[in-house]
Amino acid sequence: MRKIIIILFLFQASFTFAQQNDSGFGNKILDQIATRNVYESNRIGFRGLPSKQLILMDSLIANCSSEFLLNNTINHKNAVVRVYCYKALLLKNFPIPQYLKDQFSNDASEVLILSGCLMDQKSVMKFYKETYLH
């Protein structure tokens, strides 16, 4: 009986640590995305280098829960972070709630977009409609 209690305690402790680790590591990644503050295509620049922002988003997908991503898609103050979290949820096959689709359809925040070597600025609303509602 004592061994079972110890195992349950260790399991609970590891679960709690994993949740704290998820948000701590995830917040560091989100801070890096927010600092760069550009939505990038797969390849950028004249040389077609891999996008650093997409590498960070891949790290979010691999290391963060859908709940963490959903919370930041809804509440993060940086529009680029919200867009990347939304994309990460889609890539994780998370069912996007209608209220979130409505939020993105009405978000007038501006996002700087780097596609190849071309830069453009669009509202989240326009980017969302062009990218996800075709």
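The axes of helices α3 and α4 come within 8 Å of each other and cross at roughly 145°. Axes here are lines fitted to C-alpha atoms, for helices over the stretch in contact, and angles run from 0 to 180 degrees between N-to-C directions. α3 passes α4 in a left-handed crossing, a term for a near helix turned anticlockwise from the far one by less than a right angle. On the α3 side, Ser-66, Leu-69, Leu-70, Asn-72, Thr-73 and Ile-74 take part, and they meet Arg-82, Cys-85, Tyr-86, Ala-88 and Leu-89 of α4. Contact means heavy atoms within 4.5 Å.

This is a predicted model, in which local features need pLDDT of at least 70 and side-chain atom pairs count only at pLDDT 80 or more, while totals for chains, interfaces and linings use all residues. Residues are numbered from 1 along each chain as its sequence is written, and side-chain values use heavy atoms, with hydrogens and water left out.

α4 also packs against α5, at an angle of about 145° and with the axes 12 Å apart. This crossing, too, is left-handed. Arg-82, Val-83, Tyr-86 and Leu-89 of α4 make the contact with Leu-100, Lys-101, Gln-103 and Phe-104 of α5.

**The chain as a whole**

The protein chain has six helices and four strands. Helices (H or I, at least four residues) and strands (E, at least two) are DSSP runs, numbered from the N terminus. From that end on, the order of elements is α-β-β-α-α-α-α-β-β-α. Of the 134 residues in the chain, 37% are buried. Buried means under 20% relative accessible area, exposed over 50%, and partly exposed in between, with a 1.4 Å probe and protein chains only. Among contacts between residues at least 6 apart in sequence, 57% join residues at least 24 apart.

**The core**

The largest nonpolar core has 29 residues, and Ile-33, Leu-60 and Val-111 touch the most other members. Such a core is a set of buried Ala, Val, Leu, Ile, Met, Phe, Trp, Tyr and Cys residues joined through side-chain atoms within 4.5 Å. Two or more residues each come from α1 (2-36), α2, α3 (66-75), α4 (79-91), α5 (98-105), β3 (110-116) and α6 (124-132). The largest share, nine residues, is from α4. Leaving aside neighbours within four places in sequence, Leu-60 is in contact with Gly-26, Ile-29, Leu-30, Ile-33, Phe-68 and Leu-69.

**Helix α2**

α2 covers residues 52-63, twelve residues in total, and reaches 17 Å from its first C-alpha to its last. That is close to the expected 16 Å, which is 1.5 Å times one less than the number of residues. At the start of the helix, a side-chain oxygen of Ser-51 reaches to within 3.3 Å of the backbone nitrogen of Gln-53. The buried residues in α2 are Gln-53, Leu-54, Leu-56, Met-57, Ser-59 and Leu-60. An α-helix has 3.6 residues a turn, so residues three or four places apart point the same way.

Leu-54 of this helix counts as buried because its relative accessibility is 9%. Its C-alpha lies 9.3 Å from that of Arg-43, and the two residues are eleven apart in sequence. Beyond neighbours within four places in sequence, Leu-54 is in contact with Glu-40, Ser-41, Asn-42, Tyr-84 and Lys-87.

**Single residues outside α2**

The table gives the place and relative accessible area of four residues.

| Residue | Place | Relative accessible area |
|---|---|---|
| Asn-37 | loop between α1 and β1 (39-44) | 35%, partly exposed |
| His-76 | loop between α3 and α4 | 17%, buried |
| Asn-93 | loop between α4 and α5 | 68%, exposed |
| Ser-123 | strand β4 (118-123) | 13%, buried |

Asn-37 has a phi near 55°, a positive value in a residue other than glycine. Asn-93 has a positive phi of about 60°, although it is not a glycine.

For the two buried residues, neighbours within four places in sequence are again left aside. His-76 is then in contact with Leu-30, Asn-71, Val-81 and Arg-82. Ser-123 is in contact with Asp-107, Ala-108, Ser-109 and Glu-110.

Key:
A polar contact is a pair of N or O atoms within 3.5 Å; within protein, one must be able to donate a hydrogen and the other to accept it, and residues adjacent in sequence count only if both atoms are side-chain atoms.
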